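Trainee: Before we start, I would like to understand the reasoning behind the words used for this structure. Could we take them one at a time?

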Amino acid sequence: MASETGATETASSEPQARHVVYCGVCTLPPEYCEFGGTAKKCKEWLEMNHVDLHEKLYSEEAVAATLSTLSLEAQKRAAKDSQKKEAKAAAAEAKAAETKAQAQILIKRVERNKRKYVTAVSGLEAHGMDLKKVAKEWGKKFATGSSVTKTASGGEEVVVQGDNSDEIFDWVVDVAGVPEANVDCIEDKKKKGA
């Protein structure tokens, strides 16, 4: 009997592993989200996924308690810094949305030999798509070979064997959600450098 209680005492005295919650936006613990560039999005994520932790960090009492420990000058500086960070994050978000809205996707049908074609698609990375995953998905969908290649201008494009320009256009508009105005189809006669 004495050996059983001794075993439970040693088991309870050992340090237990902590469960740490990480932010789904910036991957930092929520206590440190304010130091990242996406504090507003992090706060919204925390409010949706971990309400109790959001109340602990962002309730009126918690904010008032944190500000009461600061001097008047430090409070003014903190308010000024938070306004700058919010303005900077809003400007970065607006700039990203603007570049995404202006980014063009080019679908080129390039003739290799007499009746053999290759479809080259460039500009996908501006819309937040992973080129390797897209190439793999298209290879399975169209049952052809597809790969990511470097262009002469230094960018990357997805090259799909065969004339799949119409199907790729439909996929980009329907699945990826890119507006039709941002997608152009071009036909080249001969592949350069072949």
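Mentor: Let us begin with T27, whose relative accessibility is 57%. What we are looking at is a predicted model, and the values we discuss are computed from it.

Trainee: Why is T27 called exposed?

Mentor: The word exposed is used for a relative accessible area over 50%, and T27 counts as exposed because its value is 57%. T27 lies in the loop between α1 and α2, and its phi is near 65°, which is a positive value in a residue other than glycine.

Trainee: How do you know whether A143 is buried or exposed?

Mentor: The relative accessibility of A143 is 69%, so with the cut-off for exposed set at over 50% A143 counts as exposed. A143 belongs to the loop between α6 and β3, and although A143 is not a glycine, its phi is positive, at about 55°.

Trainee: What makes L28 partly exposed?

Mentor: The relative accessible area of L28 is 33%, while buried means under 20% and exposed means over 50%; L28 is therefore partly exposed, since 33% falls in between. L28 is found in the loop between α1 and α2, and apart from its neighbours within four places in sequence, L28 is in contact with Y22, C23 and C33. L28 and C42 are 14 residues apart in sequence, and their C-alpha atoms are 9.5 Å apart in space.

Trainee: Why does Y32 count as partly exposed?

Mentor: The reasoning is again a matter of two limits: Y32 has a relative accessibility of 47%, which lies between 20% and 50%, so Y32 counts as partly exposed. Y32 lies in the loop between α1 and α2.

Trainee: What makes L28, Y32 and F35 a nonpolar patch?

Mentor: A patch takes residues with over 30% relative accessible area and no salt bridge, and it joins nonpolar side chains, Leu, Tyr and Phe among them, within 5 Å. L28 at 33% and Y32 at 47% have values over 30%, so on that point these two residues meet the requirement. Together with F35 they form the patch on the surface, with about 330 Å² of accessible area for the three.

Trainee: Turning to the sheet, why are β3 and β5 called edge strands?

Mentor: The open sheet has 5 strands in the order β3-β4-β2-β1-β5, with mixed pairing. Its edge strands are β3 (146–150) and β5 (183–188), each of which pairs on one side only. Neighbouring strands of this sheet are turned against each other by 25° on average, direction ignored.

Trainee: How do you know that β3 is paired with β4?

Mentor: Pairing requires at least two bridges between two strands, and β3 is joined to β4 (residues 156–161) by 5 bridges, so the two count as paired, and they run antiparallel. S147 stands opposite V159, and K150 stands opposite E156. The two strands form a hairpin with 5 residues between them, and G154 in the turn has a positive phi of about 100°.

Trainee: What makes the pairing in this sheet mixed?

Mentor: It helps to look at β1, which is joined to β5 by 6 bridges in the parallel sense, whereas β1 and β2 pair in the antiparallel sense, also over 6 bridges. V110 stands opposite D188 in β5, and the bridge partner of V110 in β2 is V118. A hairpin of 5 residues joins β1 to β2.

Trainee: Why is β1 described as mostly covered?

Mentor: Of the 7 residues of β1, 5 are buried, and for that word the relative accessible area has to be under 20%.

Trainee: Which helices lie against the sheet, and how do you know?

Mentor: Helix α6 (residues 131–142) lies across β2, β3 and β4, and runs at about 145° to β3. Helix α7 (residues 165–174) packs on the sheet, where it touches β1, β2, β4 and β5, and its direction makes about 170° with that of β1. The buried residues of α7 are S165, I168, F169, W171, V172 and V173, and they pack against β1, β2, α6, β4 and β5.

Technical notes: Residues are numbered from 1 along each chain as its sequence is written. This is a predicted model: local features need pLDDT of at least 70, side-chain atom pairs count only at pLDDT 80 or more; totals for chains, interfaces and linings use all residues. Side-chain values use heavy atoms; hydrogens and water are left out. Helices (H or I, at least four residues) and strands (E, at least two) are DSSP runs, numbered from the N terminus. Axes are lines fitted to C-alpha atoms, for helices over the stretch in contact, and angles run from 0 to 180 degrees between N-to-C directions. Contact means heavy atoms within 4.5 Å. Patches are made of residues with over 30% relative accessible area and no salt bridge: like charges are joined within 9 Å, nonpolar side chains (Val, Leu, Ile, Met, Phe, Trp, Tyr) within 5 Å. Accessible areas come from the Shrake-Rupley method with a 1.4 Å probe; for residues, only the protein chains shown count as cover. A salt bridge is a side-chain nitrogen of Lys or Arg within 4 Å of a carboxyl oxygen of Asp or Glu. Buried means under 20% relative accessible area, exposed over 50%, partly exposed in between (1.4 Å probe, protein chains only).
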